[in-house]
Amino acid sequence: MTKEKFKMNDEVWFIYSTVNLRSNICCPCCDGRGTVRSGITKCRTMCPVCSGKANVTSYEKKWQVADSHRTAKISSISKKIFEDETGEEMSILYDTSYFETYRYGFSDESDWVGIGKGLKEDEIFRTLEEAQLECNKRNNENF
Ligand SMILES: [Zn+2]
């Protein structure tokens, strides 16, 4: 039986990720030339990454602490079984009071739907320092 690390009403900090679309960045494969030199024939051929356009679009995932000024309260704990070819894995998911408590402060509610919901244990922390450290670690892995 999987044991939960957090309890109902625990005050926690949580992190979430946003994805930024960065378009027209210089192609890292051909360095913006649109062509690459073949290692065998030494001929220049069309870059396979940008297809000769010299620019690419990339996605940048950024982790951040949801709110560095206040904690959220765990409002529900559920267990979900994920199945794949290797078998079943039980995940514990937490919802927090974050959305219900603070959504009225945001001009565009739709941006905040789902934030603070369905969090995994490795996205919740007892201290702000731990949460910030985990964000830094995850953001550095992107590069
Ligand atoms: Zn390229």
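Biologist: What joins strand 5 to strand 6?

Modeller: Strand 5 leads into strand 6 by a hairpin of 2 residues. A strand here is a DSSP run of E with at least two residues, a helix is a run of H or I with at least four, and both are numbered from the N terminus. Please keep in mind that this is a predicted model: local features need pLDDT of at least 70, side-chain atom pairs count only at pLDDT 80 or more, and totals for chains, interfaces and linings use all residues. Residues are numbered from 1 along each chain as its sequence is written.

Biologist: How do you know that strand 5 and strand 6 pair?

Modeller: Pairing asks for at least two bridges found by DSSP between the strands. Strand 5 and strand 6 (residues 87–96) have 10 bridges, in the antiparallel sense, so they meet that requirement. Lys79 is bridged to Ile92 in strand 6, and Asp84 has Gly87 of strand 6 as its partner.

Biologist: What makes strand 1 and strand 5 a pair?

Modeller: Here 2 bridges link the two antiparallel strands, and two is what the rule asks for, so they count as paired. Glu11 is bridged to Lys73 in strand 5.

Biologist: What pattern does the protein follow along its sequence?

Modeller: The order is β-β-β-β-β-β-α-β-α, which comes to 2 helices and 7 strands.

Biologist: Why is Asn9 called exposed or buried?

Modeller: The term depends on how many other C-beta atoms, placed from the backbone, lie within 10 Å: 20 or more is buried, 12 or fewer is exposed, and in between is partly exposed. Asn9 has 10 such neighbours, so it is exposed. Asn9 lies in the segment before strand 1 (11–26), and its phi is near 70°, positive in a residue other than glycine.

Biologist: And what makes Ser51 exposed or buried?

Modeller: Ser51 has 11 other C-beta atoms within 10 Å, so it is exposed. Ser51 sits in the loop between strand 3 (44–46) and strand 4 (55–65), and it too is a non-glycine residue with a positive phi, of about 55°.

Biologist: What about Met46, and why does it get its label?

Modeller: Met46, in strand 3, has 13 other C-beta atoms within 10 Å, so it is partly exposed. Beyond its neighbours within four places in sequence, Met46 is in contact (C-beta atoms, placed from the backbone, within 7 Å) with Thr35, Ser51 and Gly52. Met46 and Arg33 are 9.3 Å apart, C-alpha to C-alpha, with their positions 13 residues apart in sequence.

Biologist: What makes the largest nonpolar core a core?

Modeller: A nonpolar core is a set of buried Ala, Val, Leu, Ile, Met, Phe, Trp, Tyr and Cys residues joined through C-beta atoms within 7 Å. The largest one has 13 residues, and those with the most contacts inside it are Val12, Trp13, Phe14, Ala66, Ala72, Ile124 and Phe125. Two or more residues come from each of strand 1, strand 5 (72–84) and strand 7 (124–125); strand 1 gives the most, with 3. In soluble globular proteins, nonpolar side chains tend to be buried together.

Biologist: Which residues are in contact with Val12, leaving aside neighbours within four places in sequence?

Modeller: Those are Phe6, Thr71, Ala72, Ile74, Thr96, Ile124, Phe125 and Arg126.

Biologist: How many of the residues are buried overall?

Modeller: Buried residues make up 15% of the 143.

Definitions and conventions. Two residues are in contact if their C-beta atoms, placed from the backbone, lie within 7 Å.
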